[in-house]
Amino acid sequence: FAFGANAEEEAATEDAAEDEDGGRAEPCPVPLPLRLHMEGRSHAATRGTQWLLRQVGGYPALLRMTQAFYERAFVDSQLRQFFNDIHDPHPQRLASWIAEKMDPTDPIWSIERQTRPQKVVQLVGGYNHVVHDRSSAHVAAWNSVNREAGKEGDHFKLDDSRIWMRLMFWSAREQGLFDNENFAYWFIGFIGHFVKIYESTAPLFARESARWSADPANTQAYLDNGRRMDDVCGVPLRGALADVPASEQRDRAWPYEAL
């Protein structure tokens with residue numbers, strides 16, 4: 001699908017839709033399609049993101065998506081090396097974080113984080129490390145005992161980020177969240193914004209990463225290849241840009257609201 005195309009027509013269709021009880025569906029309180037709203041340099045929720053969370057089914061729907069994502073990430077040939085303990089509640093934490101970013105009036109992630117026990121993990125070299133927040137979790141991932149020899153301590157690279165996004169968007173599509181085109185449009189931009197935490201050039205590849213799973217031949221080839229993306233693994237930025245249309249490479253406004 002073409003994200004954001006015919007936005008006015010889509011909005012009118014949304015407004016006229018009926019829910020399962022035969023009543024009028026809740027219209028979006030802001031113009032569609034939803035772009036990311038920034039306050040200063042920080043992402044901020046809006047009435048639109050709160051509405052969108054309700055439209056897709058709230059936290060339970062996000063949890064189905066993140067559960068499907070981590071099931072894939074734990075067995076991906078490249079991403080699995082970053083996980084010290086696959087039994088940690090990764091899906092719940094990611095789903096609650098996304099939900100709170102969409103609707104901070106229900107701070108389920110913040111409440112859980114306040115009571116989350118600190119966890120000591122053993123890193124490569126036998127060092128003990130306390131995981132208590134996102135930054136410390138990243139350090140644990142970079143220095144996981146499962147890292148390939150010679151890559152211990154390396155930060156997330158472009159190929160790691162592209163694989164992460166492809167698996168995430170695949171999971172969103174599989175779980176039906178991308179059936180809602182408004183959510184798909186917003187969520188791709190949302191991930192495109194936050195993936196820069198991992199790797200600064202990765203946002204350029206968000207839309208390409210979403211398109212990847214739209215073709216079942218791509219996901220099947222990935223599975224047949226032992227869950228390895230040969231077109232991504234080890235490919236530097238210069239080569240990777242061949243996968244991104246020139247129009248997207250030049251688009252510096254996406255995915256944000258107009259100033």
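**Close-ups of rings, bends and a helix crossing**

**View 1. Nine aromatic residues gather in one cluster.** Phe69, Tyr70, Phe74, Phe82, Phe83, Trp142, Phe156, Trp164 and Tyr198 form one aromatic cluster. Keep in mind that this is a predicted model. Searching the whole structure turns up 21 aromatic pairs. One of them is Phe74 with Phe83, an edge-to-face pair with 4.9 Å from centre to centre and 90° between the planes. Both Phe74 and Phe83 are buried.

**View 2. Phe183 and Trp186 make a tilted pair.** In general, two numbers describe a pair of aromatic rings: the distance of the centres and the angle of the planes. For Phe183 and Trp186, the centres are 6.3 Å apart and the planes sit at 45°, so this pair counts as tilted. Where do you find Phe183 and Trp186? Look at helix α8 (residues 181-194): the two are three residues apart there, which means about one helical turn separates them. Phe183 is buried, with a relative accessible area of 0%, and Trp186 is buried too, with a relative accessible area of 0%.

**View 3. Helix α4 crosses helix α8 at about 105°.** Helix α4 covers residues 90-102, and its axis lies 13 Å from that of α8. The 65 to 115 degree range counts as roughly perpendicular, so α4 is roughly perpendicular to α8. Which residues of α4 and α8 meet? From α4 come Trp97, Ile98, Lys101 and Met102; from α8 come Phe183, Trp186, Phe187, Phe190 and Phe194. Sort the residues of this contact by type and you get eight nonpolar, no polar and one charged. Phe183 and Trp186, the tilted pair from View 2, are back again here on the α8 side.

**View 4. Two arginines lie over tryptophan rings.** Arg72 lies over the face of Trp170, at 3.8 Å from the ring centre. Over at Trp254, the residue lying on the ring face is Arg207, at 4.0 Å from the ring centre. Trp254 shows up again in View 6, where a cis peptide bond joins it to Pro255.

**View 5. Ser171 sits in helix α7 (residues 158-174).** Is Ser171 buried or exposed? Ser171 is buried, because its relative accessible area is 0%. Now check what Ser171 touches, leaving aside its neighbours within four places in sequence: Met65, Ala68, Phe69 and Arg72. You have met two of these already: Phe69 belongs to the aromatic cluster, and Arg72 lies over the face of Trp170.

**View 6. Two prolines follow cis peptide bonds.** Most peptide bonds are trans, so cis ones deserve a second look. The bond from Leu32 to Pro33 is cis, with omega near 0°. You can find Pro33 in the loop between α1 (7-16) and β1 (37-39). The bond that joins Trp254 and Pro255 is cis as well, with omega about 5°. Pro255 is in the segment after α12 (246-250).

**View 7. Arg227 has a positive phi.** Most residues other than glycine have a negative phi. Arg227 is not a glycine, yet its phi is positive, about 60°. Where is Arg227? Look in the loop between α10 (216-224) and α11 (237-240). With a relative accessible area of 30%, Arg227 is partly exposed.

Notes: Residues numbered from 1 in each chain as written. Predicted model: local features only at pLDDT ≥ 70, side-chain atom pairs only at ≥ 80, totals over all residues. Heavy atoms only, no water. Phe/Tyr/Trp six-rings, centres within 6.5 Å; stacked < 30°, edge-to-face > 60°. Buried < 20%, exposed > 50% of the residue type's maximum accessible area, 1.4 Å probe, protein only. Helix = DSSP H or I, 4+ residues; strand = E, 2+ residues; numbered from the N terminus. Lys NZ or Arg CZ within 6 Å of the ring centre and 35° of its normal. Contact = heavy atoms within 4.5 Å. Axes fitted to C-alpha atoms, helices over the stretch in contact; angles between N-to-C directions. Parallel < 35°, antiparallel > 145°, perpendicular 65-115°, else oblique. Nonpolar A, V, L, I, M, F, W, Y, C, P; charged D, E, K, R; others polar.
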